[in-house]
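Got the viewer open and a cursor ready? Let's take a walk through this one, one selection at a time.

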Amino acid sequence: MPDGHARKHDSYLKHYILTGFKKMMGMQREVEGKRKDGTFFPCILGLSELPTNDGSRQFVGFIKDVTVQKNLLLAEAEREASDSLLHNILPEHIAHRLKQEEKIADHYENTTILFADIV
């Protein structure tokens, strides 16, 4: 876990044990995880208290790495932004053909395509 949470980890548990107030217990939340190599990654963290026969308290945490899902969402957002830009600056039939990866220049003798960065 990132250093800030690692330093407070014991106090989080102590507060839950003393008050019974559930901030995270029994819930899931997206947090930043830290790998052994020191790199950070987005993950879903779930925490639960396990019942025991002897009355002691046991806790378990579940972590799911959501890096791939996050990257897919970002790629989809970029694709949607790109499609929106295409449809806003080009005629519909040309934008549609560009999305189909068709080479427009192969079908017309006098074709010029200008690409420019729009800021």
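**Stop 1: a pair across the chain**

Start by selecting glutamate 30, which is partly exposed at a relative accessible area of 42%. (Buried is under 20% relative accessible area, exposed is over 50% and partly exposed is in between, using a 1.4 Å probe and protein chains only.) Before you go on, know that this is a predicted model, where local features need pLDDT of at least 70, side-chain atom pairs need 80 or more, and totals for chains, interfaces and linings use all residues. Residues count from 1 along each chain as its sequence is written, and side-chain values use heavy atoms, without hydrogens or water.

Now add lysine 70 to your selection: its side chain meets that of glutamate 30 in a salt bridge, at 2.8 Å from N to O. (That takes a Lys or Arg side-chain nitrogen within 4 Å of an Asp or Glu carboxyl oxygen.) The two partners sit 40 residues apart and link distant parts of the chain, with lysine 70 in helix α2 and glutamate 30 in strand β1, residues 28-34. Like its partner, lysine 70 counts as partly exposed, at 31% relative accessibility.

**Stop 2: zoom out**

Switch to cartoon view and colour by element. How many helices and strands are there in the chain? You should find three of each. (Helices, H or I with at least four residues, and strands, E with at least two, are DSSP runs numbered from the N terminus.) Trace the chain from the N terminus and the elements run α-β-β-β-α-α. Try colouring by accessibility too: of the 119 residues in the chain, 12% are buried.

**Stop 3: more salt bridges**

The structure holds five salt bridges, so keep your side chains switched on. Next, select aspartate 65 and arginine 35, whose side chains meet in a salt bridge of 3.3 Å, N to O. This pair also links distant parts of the chain: aspartate 65 is in strand β3 (residues 58-65), arginine 35 is in the loop between β1 and β2 (40-50), and they are 30 residues apart. Aspartate 65 is partly exposed at 37% relative accessible area, and arginine 35 is partly exposed as well, at 32%.

Then click on arginine 57 and glutamate 49. Their side chains form a salt bridge too, at 2.7 Å from N to O. Check the surface around each: arginine 57 is partly exposed with a relative accessible area of 38%, and glutamate 49 counts as partly exposed at 28%.

**Stop 4: a network**

Go on to Glu76, Arg79 and Asp83, and select the trio together: salt bridges link them in a network. Is aspartate 83 buried or exposed? It's buried, with a relative accessible area of 13%. You'll find aspartate 83 in helix α2, which covers residues 67-89.

**Last stop: out on the surface**

Finish on arginine 7, in helix α1, which spans residues 3-19. Turn on the surface and compare the two side chains: arginine 7 is exposed, with a relative accessible area of 69%, whereas aspartate 83 is buried.
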